[in-house]
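Colleague: I should like to understand how the descriptions of this model are justified. May I put some questions to you?

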Amino acid sequence: MFYASLRPLDHLFRSPYQFFSDDLSFWAYREMWNTVPMLPRYIFNSFFLATVTSLITLLFVIPAAYSYARFNFPFKNSSLYILLAINMFSGAVLLIPLYKVLRTFGLLNTYQAMIVPGVAFLIPTAIWLLKSYFEKIPVDLEEAAFVDGASRVQILRHIIAPLSTPGLVVVGIYAFIGAYAQQFLFAITFNQKKEYMPIPSGLYEFIGYTTVKWNEMMAASLVGIAPVLIVFLFLQKYIVEGLTSGAVKN
Amino acid sequence: MMNKKLRSFNSPTFLAYALIAPAAIYILLIVAWPVLETIRLSFTNSSLAGEDYVGFENYEKMLSSKKFNKIVTRTFVWMFFSVSLKLFVGLIGAILLNANLRGRSMFRVLIMPPWVVPIAIGMLGWLWLYNGYFGIIAGVGMHTGILDGPFGFLAYKQSAFISTIVADVWVGTPMVTVFFLAAMQGVPKDLYEAAYCDGASRWDRFFKITLPQITPVIITMSILSAIWTFNSFEIIWILTEGGPRGATTTLIIDTYKQALGNYKFGRGAARAVVVMILLTLFAGFYLALLARINKKISHG
């Protein structure tokens, strides 16, 4: 992909196939902003959507995960398994009613149309992940504080919050990557407005009626995935650990 | 007195439910309710114009159509090849990563991009690879003389079918590899040491120790990746939109086309119900298996 992005367009279109171009350049990286003038907007949209989606997900997930990690209550295990099962339904199956609901509420072609369903499909895995982080914080610490007369809110602020920050970051990143990847399906189904389009669907504008500007499209794709890749490279160890510990060891 | 206080700290059921409630309500609204609504819609002829109750008509039409039966068969063939390839490649990948090779931590990072890169963007790369005139695969084919001219991999029924499977395997394998690797690293080291002392060969050690030890994970991963593969929508949609002439139309693609391509919500919903029933079966199978494996572990 990177190689293709550096080559001039006519070299890509040359037949018989040419493997090497002698005039590689970053020309496509400059030109892509002109071919698709809304590109910066798409990149912003992608970022914005993924950030908001993952923040809202965290908001819902933190109390739930804490509750699963600390308390015993009826239906605890069965509801956890139901969460696991929900994970197996992809958004694609439920698009029909979601489409109708969003239409009734006038939410089609808005940011919300891509955020609201996105959050729902991230919650289950995020709860499982965060639960295992909370479980690693020793209960003794909390109990000691409780016996010393600290209120639950104080416990949350002074003990849980600082200790679980790394876990929260990882789960947040997981949600961000997930939200970034989900955008395409919800965007092509629930949104037709250019100004709200995220980059995965925006890239298809490089496919014109007669020609496809492959080199620019590849350049733009790389720009579009750079943020997720960089974030992932730094945190891959934690993410892989978290995901597998939930499913393998159990 | 302290004990009592501690007990009340650890089991306030009400608080527990209150903390879960927001997430639970959200999921009920966005996931559970749509499931019920889909079932209801499948008994109507709902479209943009309105809806009427039509009973089992959608189902009768769907099940009696030859096209639909073909789509179901195709879905399972597609799944079978994709899942077995993912497991096979994933197993080999995990073995290589688990071996003490130089630079393996770098390889571990390198296998991840297919998984992290949004599918929609990754597939653009594949679109280009598969391109008949300028794609690198056709290019190599023409240079080596395997192909005598441009060949559009996504333009012919069979090659499109295979091409979508290959792309799906590319996306799905890293996850499988990571899970296999985690399982292999969980195998107790003393087993290998004992086998080594007994003079077991590398080959023996793999087939007699590693493989049996990670079998539970292999089984769970095959069901999990069957579910993911079954759900796979974007890959096929971007590469072929289910074409050429329906050659890559799986159940999910067909559902989407009916519902949001033609706005025949009722017919689409009937297909979605079939998808949900199949998914529930898979999921039930998976959860039952998981419960069984957990029991085995806890009983030693």
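Modeller: In chain B of this predicted model, 67% of the contacts between residues at least 6 apart in sequence join residues at least 24 apart.

Colleague: What makes two residues of chain B, such as B:Met123 and its partners, count as being in contact?

Modeller: The test is that their C-beta atoms lie within 7 Å. Leaving aside neighbours within four places in sequence, B:Met123 is in contact with B:Ala167, B:Glu234, B:Ile235, B:Ile238 and B:Leu239. B:Met123 is also among the residues that touch the most other members of the largest nonpolar core, which has 139 residues. Helix H7 (residues 111–136) of chain A gives the largest share of this core, 16 residues.

Colleague: What pattern does chain B follow along the sequence?

Modeller: The pattern is α-α-α-α-α-α-α-α-α-α-α-α-α-α, and chain B has 14 helices and zero strands. Of its 300 residues, 40% are buried.

Colleague: How do you know that helix H11 of chain B is not straight?

Modeller: H11 of chain B covers residues 202–231, and a straight helix of 30 residues would span 44 Å at 1.5 Å a residue. The end C-alpha atoms of H11 span only 38 Å. A kink of about 50° lies at B:Thr215, shortly before the proline B:Pro216. Several residues of this helix are buried, including B:Ile214, B:Val217 and B:Trp228.

Colleague: Why is A:Phe75 called exposed?

Modeller: A residue is exposed if 12 or fewer other C-beta atoms lie within 10 Å of its own. A:Phe75 has 10 such atoms, and therefore it is exposed. A:Phe75 lies in the loop between helix H4 (39–70) and helix H5 (76–86) of chain A.

Colleague: Why is A:Asn109 called partly exposed?

Modeller: Buried residues have 20 or more other C-beta atoms within 10 Å, exposed ones have 12 or fewer, and partly exposed ones fall in between. A:Asn109 has 17, so it is partly exposed. Its place is in the loop between helix H6 (95–104) and H7 of chain A.

Colleague: What is the phi of A:Phe75, and what is that of A:Asn109?

Modeller: Phi of A:Phe75 is near 65°, a positive value in a residue other than glycine. A:Asn109 has a positive phi of about 60°, although it is not a glycine either. Most residues other than glycine have a negative phi.

Technical notes. Residues are numbered from 1 along each chain as its sequence is written. Chains are lettered from A and ligands numbered from 1 in the order in which they are written. This is a predicted model: local features need pLDDT of at least 70, side-chain atom pairs count only at pLDDT 80 or more; totals for chains, interfaces and linings use all residues. Helices (H or I, at least four residues) and strands (E, at least two) are DSSP runs, numbered from the N terminus. The expected span of a helix is 1.5 Å times one less than its number of residues. The bend at a residue is the angle between axes fitted to the seven residues ending there and the seven starting there. A nonpolar core is a set of buried Ala, Val, Leu, Ile, Met, Phe, Trp, Tyr and Cys residues joined through C-beta atoms within 7 Å.
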